[in-house]
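Me: I am a first-year student, and I would like to go through this structure slowly, one question at a time.

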Amino acid sequence: MLKVDHITKYYGEICAVNQLSFSLKEGEIFGLLGANGAGKTTTFRMILSLLEPTSGKVTLNGKKIDYSVMESLGYLPEERSLLTKLTVEEQILYYGKLKGMKEEIILKRLDEYLLKFGLLNDKRRKIKELSKGNQQKIQFISSIIHEPKLLILDEPFTGLDPINVKQFKEVIYDLKKRGCMIIFSSHQMEHIEEFCEKLVILVKGNVVLSGDLKEIKKAYEKMNIFIRGDVKVEDIQKIDGVLEVITVGGEILVRVKNEQIVPAVFQVVKKRDIRKFVVEEASLNEIFIDKVGEVL
């Protein structure tokens, strides 16, 4: 288990992270969210023991994270960290050996991942000769080649097309099934919704929302109604509790204060020619914008 226990980090008089706590069990994926400058990178560096917290502590299976457990950690940073003059094979051999792996095992796993990502013929090409998307694949492989117990993924889908995103997701789910603990950060909220059971949202180092994703969405209360048909927007706008009515791709999106407003909307439109009336919880993207906007 990873346990982050009330960690705080000051840079001089500036508090980058303030009293952050969460825990992560084997096979769980945790979302750490926040706008730019929220404290995510500082948090990652404290978890990886690259930075020492001003107060609080981080433990893995009850022990402080130090160089003795580095072989069980994996990190995919948002920025490129590849040695671009090396070939793909040289790059992964270098990282694998840093993690204490034997060369034959590194090469075997490398071939498996290169085959999966359609890069087997690029094994002896230099990193700098690859496209940005393919460089991201190599960076991803370098972070998981040693089968880490704890993996931090910071914007892992940067520069990837939908097909390659799907391939990344398959590997991430496989790691989860094998018990890997994964901390996932992304500005693409749909990916967080798909992967993460629990999450924290940071704003300027402070926690503004944390907990189980399902419970967070349930507690948020605001709902979305998608309507397709011959309806009068003006009639819907008059309903008390309707927050917004907009047209999206031929549909009418009605945002309401809570679930209790839904029947009132239905009563107004049911006599019209309605082909669709679907009620959904607010998306994580809406919740994020709402919660972050409150404190910025």
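**Salt bridges, a helix and some rings**

Reply: Arg 109, Glu 147, Asp 174 and Arg 178 are linked in a network of salt bridges, a salt bridge being a side-chain nitrogen of Lys or Arg within 4 Å of a carboxyl oxygen of Asp or Glu. This is a predicted model, in which local features need pLDDT of at least 70 and side-chain atom pairs count only at pLDDT 80 or more, while totals for chains, interfaces and linings use all residues. Residues are numbered from 1 along each chain as its sequence is written, and side-chain values use heavy atoms, with hydrogens and water left out.

Me: Is Lys 217, which forms a salt bridge with Glu 193, buried or exposed?

Reply: The closest N and O atoms of Glu 193 and Lys 217 are 2.6 Å apart. Glu 193 lies in helix H6 and Lys 217 in helix H7 (residues 213–220), so the pair ties together parts that are 24 residues apart in sequence; helices (H or I, at least four residues) and strands (E, at least two) are DSSP runs, numbered from the N terminus. Buried means under 20% relative accessible area, exposed over 50% and partly exposed in between, with a 1.4 Å probe and protein chains only. Because its relative accessible area is 15%, Lys 217 is buried.

Me: How many of the 13 residues of H4 are buried?

Reply: Helix H4 covers residues 132–144 and reaches 19 Å from its first C-alpha to its last, close to the 18 Å expected, where the expected span is 1.5 Å times one less than the number of residues. Among the elements that cover its buried residues are strand E6 (73–76), helix H3 (103–116) and helix H5 (162–177), contact meaning heavy atoms within 4.5 Å. H4 is largely enclosed by the rest of the structure, because the number of its residues that are buried is 12.

Me: Which kind of pair do the rings of Tyr 94 and Tyr 95 form?

Reply: A search of the whole structure finds 12 aromatic pairs, and rings of Phe, Tyr and Trp (its six-membered ring) pair if their centres lie within 6.5 Å, with planes under 30 degrees apart counted as stacked, over 60 as edge-to-face and the rest as tilted. The centres of the rings of Tyr 94 and Tyr 95 are 5.8 Å apart and their planes stand at 50 degrees, so the pair is tilted.
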